[in-house]
Structures are given as structure tokens and as C-alpha cells.
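Student: I should like to take a close look at one part of this structure, the cysteines and the question of bonds between them. Could you please guide me through it and then place it in the wider model?

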Amino acid sequence: MLLGEQEQFLSYNGEVLIFQLSKPKLLEGAADKTMNLCVRRMAFNRDTKLFVQKSSGVFSMRATHLKIEIICCSCATDSRTGIILPCILMKKKKRNNVVKYLLLLLHSSNQFEQSFHFKLDYELKEDIRLFTGPSVLWRHANKLFYISSDTRAVLSAPIQLSSVVWTGEIEGEGTVVLGIGTACLPESEDEDEFSTSDRAIWGSEFFGYAIETQKMLTGTYFMPHAYSRVVSSVYVCRNEMLKKQLRISLVAITHKNQLIWFQDGLPKGVCELPYEKPCSVKTAVTSSNDLLFVVSFASGNICVVQRRHSLQVASKWQNVKSVLVDDFVGSGSEQLFLLFKDDSNTDMLSTFKITDLGEVNYASGINYKHDVPPAEGLQENGLLTVKALETRLQAGYTSVRELQQHLGLKRKVILESCRALIDLVEERTHILPTAKEVKCRREYRSPLNSDEPFEGLVSLWDDVENPPHCLSKEASLASKVPEHFIEKLWQRVVGDSLVVGVKLTESFYLSLSDVSLSLVMDQDFSLISPIIECQNKIVKLNKAFSALSVSSCQIEPPPKKMKLDLHSNKDLEKEIPKRRSTVQLDRAKTVIAVTRLAPLLAFHRVCCIVLLHTKKQKHQNDSLQKSKKVTVLCGKILLSLEDISNGKYSVKMLRDNSYCTGSMEDILAVLAVSVRFSFQIVSSDCTLTPVNSWLLGEMECTPFKECHDNMFCHKAGNVYGTVVNWTLKNPFEGVLTLFCRNLTVLFQCLHSLTRVLPPSCEVKLLRSGSKGALTEQLALALEKEILTSRSSLFSKESKAENSLIWGNETDKKISDAPVASLLDSEEGVQQFRKKLQNEREESVLSMNQTMNGALYREIALKIAEAQLSSDIIVWRLS
């Protein structure tokens, strides 16, 4: 492929794009009817310090009796996708003075796309710009014309201007053209009254024109009126709208070889340029966060102005063919790419320089390994640095080895504890290795494994008498727990979650806040822990199924990190048989564990032991409560990939005569994997009858047979499986409760609901419980907290511990005597002195009273329990 004379350079995403027009090689006698527009993508290689070609592309055009040229190229935003793409404006000149222009887009696949074309009876020569759309703008006969991919027709702006100095985006205005036009002098003024200097200043004005809104912008937003006569090019660095006022920072170059910085229409700095006839300016932000102004001159020279404390020329170059700004070396900041004129070398990117006037500095023809002379003492300093780094590396390696040994020991402890737990619930005796066995392991370690830790696991009793007896005692305790508490064990698969439920009998009266489930894999895995991480939930349902509630075992507000081993008065009342006969016998309680299904399916077939943990309370001295942990073996569940594929444990919710037929386990499984949200809906203008229509119609909800107030959503899509409860307090107020899988489903339901609700409806999220009931509970909790503090600090035990005898009976008699009578005699004065001394000692002793440690712990636990209860209610009210 023969290279043509025309070539254009453009930077895009850190690459240098080279556009060339060329004619393909033809066979002898073939007609020359095509012209190729070629593009080469060149990327900088930091190892070789050279540009290498990554890819290339070709766009062929018919060239019969046409003269094809590249007018300009730039990067502009494609309004269809919002992606910035390289744009190339081409010209085809015909014989009848009709000029055809093509705007091409270059995609990442090196495919060219013709965006649009247009014809003119003249050639574009002045102020040609490419901007968002893509669009083309130019000036002809002091008029502004433009065309875009949307309009596909040439439009003219109703303004007269002598030059265009900038085109870009301004916040709130869209695409804005900054230009200089002839000033309109007041008609009432006599022309002779203006001096030559006044005419030089007021003969032209600087202004902005918004293309989309066809709005004129005052030039004083950008710079004072007097500068409009000398400005040749502008670059807007920053623009924003603050307090409904446009704030603009820009830099301008003038015909007087100056660069001026303007802030909000006022000049803030000026710099003399080293060459004449500056033609354009652009900016670059370097790795040191410096803002550089790159000024190009008509002679091919380049200079860089740095803006720190003041504007000053930082560097300059001559015979520059092209200058580009981009991140060419991949450092995350911008650099300057300078391509120099070199007629002796045919390679286009042979003589170049990449710099940011700081850390980055690459130039062609420099051998960075050998050409740079080493500094004195550099080799010695390098050796010292290497030794220091080796020492730090060795210390870090030692720390890593110690951490690995520690983690290995922790893993052994966890695995041995899991095995002991499995043996305990299955009533097997688990025997830990003795100290002698560990000692033998240390003595007969293999030399090949000398670096491995030799820690062993021994009994915490350190070979005391009959340690197996202690374990068997614990096993016997677990076996003595009444197993008739467990009524049913079931499992379900809902989405990516495994739900395991244990239904408790009505005779179960222990505190539900201390009940939880554990899932332990029955297989013996040596590398992983058999304990399965799961989340526990408790579901209470009365026999009539008139109310449905799901609560997590962790009922404390998020800031509460410590859970006390105490129980509220409600839990204490549950232990009383009289209380149980009236309330708890009407309740069916189910403890549910939810865990991720995917990790278990990795074993294809796994057997899990289900353990129920609870606490049995005891009283001591009628005040302090102690609890004993109890573990009950509920049974085993078998999970296999084949059963899950066949839908054996899937939830089945079918419609039967406008009702949802699903087993109680299916309902509980859906509730367990859902999150509860309650909303109070209040309508002041009309009734809330559209809510029922929305539930039964658009949401396709059907009520459960056991409870008509709770409905199951059968609508296809993400909302399928949502459980809804709608309760009307009165025709104008109700509470909507949604059990959703995630927040996305919640937002979809609320979005659908708001379309049917009247505009005056108010929807408020309820945290838990009504405000009135929670307020009453808070008052009772605060009262209990005050009474607990007072009774604890002034109890009989506290008084007994703190009772001190101040003085004796004689002192009391003396204190009862009149003070005047004591001062009449010398003996009375001595008694009075003794009395003062005793009172002083009493005062000192009263400031240093002590309390028994056990009593203090009891008082602290009582007060903490009362404060925790009130804190929970306050959190629910907030």
C-alpha cells in the first residue's frame, strides 16, 4: 500500500491513531477508481520505548473524477450510545464546483461508519469544529452553520461573527459556541464622539451562543469586553452552576503573544509566550496534579505554560509536527506526545517525545539502560538498600510462617471440637489425646517435617482422674432432656437456600429467645469444618392462623454487640405452669435454620445432624438467675443433588378454588427466606378499597386456606412468592405487610401499589409494632429500670454489706448534749473536740465505702438487663 501525502494524528484511549489516504496497488491496465482511508492504531511499549501497531482498518471510497481530502479529525460523543468515538470529516470535490462532505465514525473493531453527508457550493475553510452528536460546525461569510446526525440538514445561526474561538459543553446550556462579532453601538450616540481607541475596543464584542436553545450568552461571563479585540483562541477549563450563577474558568491566547487566565470573567494571571502567532491551546493534568497549558504556534513550535503560584513557561520545543494529550504510558494521568518533523526517516513515529514535565520522560533514540551515566556512590547505596530490603523480607516471611502455624493450630482445635460435639450428641465417648501421646509425637517427628508445628491437643483437665467419666456425664445430661419437645423435623429448598425446620410441641415452655438450631455434617472431613453456617428464625402461629409473625433470634438493635445471659419478665412468666396453661398451649412454635444451598451441593450427597440448643433457667437466692445450656438431637436430614433436581423438597403453592394450597412447612419456608416490611397507609380523601383490587387483580394474590388475611402472590416474575397481609383499621387507614425475598421485589411491589393509590395517600414504613403500644411498653420499661436501680442500691443485702458503726454509745450521748453546756468546763471542751474528730473520721469513711464483689456483679447484671429492655423499645420507636 502506497502512502499518500495526507495524514492526520489523533489520540484515543492512550493510543495514537494515524489516518492516511492512499491508493491501492493496481495491476497494469486497471482503472484507478477507488481511494482507501487507512487507520493504524499505535500503542506505546514501555519495554522497548517504541510505538507498535496494534491493529488497522480500511475504508474504501469511489474516487472517479473526484479529489478526496481529509479535512479534520477529532473525538466526539455519539448521541445514540453516549460513547466517545473518533470522527473524521472527508471532502469530495466534483468538477461542477459541488463539494460533498462525509463524516465517518471509527469503532473499536476498526470498522468505519458513515454518520451523514452533505453538499455545499463552497469549500469549508474557516473555524471547522466537530462536537457532540456527532455534529459539524463551521463559519462562512461571517455566518455560523452547523449540521448534526439528528438534523441531517445544514442550519444557520442568527448571528454575525468574525471568528470562533471555542466550542464545547456548558452546564445548563448544552453545546455553546464562543465567538467574536461586530459590536452594535448605540444609535443615539454620534459616531464622531468615539475616539480611535474607543472604536478599537468597542468595535467588536465577545459572546456565546447556545445551539440547542438558540440563546445568546453575555460575553462578560467569560472575560471583560476589552479583551474581545485581541483574543484568538480560548479553552474553557471548568464550568459549573453555583447558586443559579454560572461560574467559569478559562484560558485565552491573544494576538499580542500572551496567555491570560480568567476566573468568573476577571483576569487572574498573564504570561508572555516565547513565539509569535499562537493558534490554539489545550490542557493536560499530570501525575503531580499540575495543570499544564499546551500552546501551539503557526510556525510549528510548542510551549507549555505551568500554573502554580503564577503563570510561567515551563518548556518549549521547535519543529513539532503534531502534539497530542492522553495517557500514553498507562500511568493514570496525562502526558504530552510530541511528534517532530523528520524528513530523513520514513517511519512516522520515529522521532517523538512523551513527557509530563515530571516523572514521565520518554524520547526516541535514547538507550535508558546505558546512556544515562550512574551517579557517584549509586552502586554502594544500592547494595545497602538491597540488604535492608532482604532483612525486611526475611522478617515478613517469619511473621507469615508464625501466622500460618497459628491458623493451623486453630483449625485443629475447631475440627477436634466438632468431632467432640458429634460424639456428644450421639452419646459416644470422645477421648482426647493425653500428654504422653503428644510427647511421643514430638520425639518421633520426621526430620522432613521439622518446620511444621508440633502442637498437640490434650485434655483441658490434664489427665485428671477419669476424664472419660466427665464426657459421659455431659452425654448423659444431653440424653436426659425430654425428647417429646420435638414434634416434627422437615426441610425445604427455596431458591438458593436450604430451610430446615423443627416444630416444637405445645408443652415446650422454655424461652424462645434462647432457642437455636445447628447443622452439623455427619461425614468426617479433615480439611473443612463440619459446622454449617446458618441463620436462625422463630415462627409463632396460633391454631386459628389468624396472625403470622417471623422474628430473628437476634432481637437487639444493631449497636448492641453483647447479649446478656438474662431473660425478661415475659420469659420468666412463661416458666410458670399457670401462665403456660392460658397462653402457650394455644401456640404452635417452629424453629427454623436457613443456610446457603450451593456449598452443600458441592458434596453431591450430604447428611446433616440437626441440633436444638436452648437454656434452662434456675433461680438462686430469689434474685440472680442462672441458666444451663441444653442440647437436643432432633434427627438427621439427607440432601442429594438428585432429589433437588427432581423437586423433592421444592415449595408447592397451587391454586384451588381461589385459594392457595400449600402445606404449613411450605408457608414457613417461604416466610423464613423472606424479609418482613410493614407499611401504614393513610388516605384522607377517599377509602382504601383499591388495595384489595390491586392484590386480587394486578398482583394475582390468593389467600391461604388456613388464613384469608395472608395471601400468596402468583404473578409471574420477580414478585412471585411474595406473601402479603392487608389489615384495615378503618376505611381510611390500614397496614400492609410484605414478606419479600429482597429489596428489589419490595420496590417493584411498592411501585405497582403507588399507581393505584390516590395521590393524597401517605405511606409510612413501620419498624415493629404500633407506636402507641411501644410507647406504653417504653414507659413500663423505664419504670422497671428506675425501680431496679433503687431496689438494688438500697436492698437489705447492700445495707448489710455497707453497714458501719460510727462511734459508740458514749459518743451518741455526747452528741445529744447541748453544745453550750460542753463549752463551760475543760472536760466538756475535750469531749467536744473528740466529737469533732469522730465526725471527721465518719466523713472520711463515708467517702471510701466498699462493696462485696458478688453483690456488685448481681446489681450490675440487673441494671444492665433493665437498660437493655428499654434500649430495644427505643430502637423500635426510632
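Tutor: The sulfur of Cys-608 has its closest cysteine sulfur in Cys-607, at 6.7 Å, and this is too far for a bond. A disulfide requires the two sulfur atoms to lie within 2.5 Å, so the pair Cys-607 and Cys-608, at 6.7 Å, does not qualify. In general, a disulfide is a covalent bond between the sulfur atoms of two cysteines. The structure as a whole holds zero disulfides.

The surroundings of individual cysteines may be considered next. Cys-608 counts as buried, because its relative accessibility is 2%. Cys-279, by contrast, counts as partly exposed, because its relative accessibility is 42%.

Burial can also be followed along a whole element. Helix H9, which spans residues 664-672, is mostly covered, with eight of its nine residues buried. Among these buried residues of H9 are Glu-665 and Asp-666, as well as Ile-667, Leu-668 and Val-670.

These statements should be read with the confidence of the model in mind, for the model is predicted. The protein chain has an average pLDDT of 76, and 72% of the residues score at least 70. Among the elements, strand E10 (residues 135-140) has the highest mean pLDDT, 93, whereas helix H6 (residues 577-582) has the lowest, 27. Over residues 187-195 the pLDDT stays under 50, and the model has four contacts for them beyond four places in sequence. Residues 367-377 likewise have a pLDDT below 50, and this stretch makes six contacts in the model beyond near neighbours in sequence.

Terms used: Residues are numbered from 1 along each chain as its sequence is written. This is a predicted model: local features need pLDDT of at least 70, side-chain atom pairs count only at pLDDT 80 or more; totals for chains, interfaces and linings use all residues. Side-chain values use heavy atoms; hydrogens and water are left out. pLDDT is the predictor's confidence in each residue, from 0 to 100. Helices (H or I, at least four residues) and strands (E, at least two) are DSSP runs, numbered from the N terminus. Contact means heavy atoms within 4.5 Å. Buried means under 20% relative accessible area, exposed over 50%, partly exposed in between (1.4 Å probe, protein chains only).
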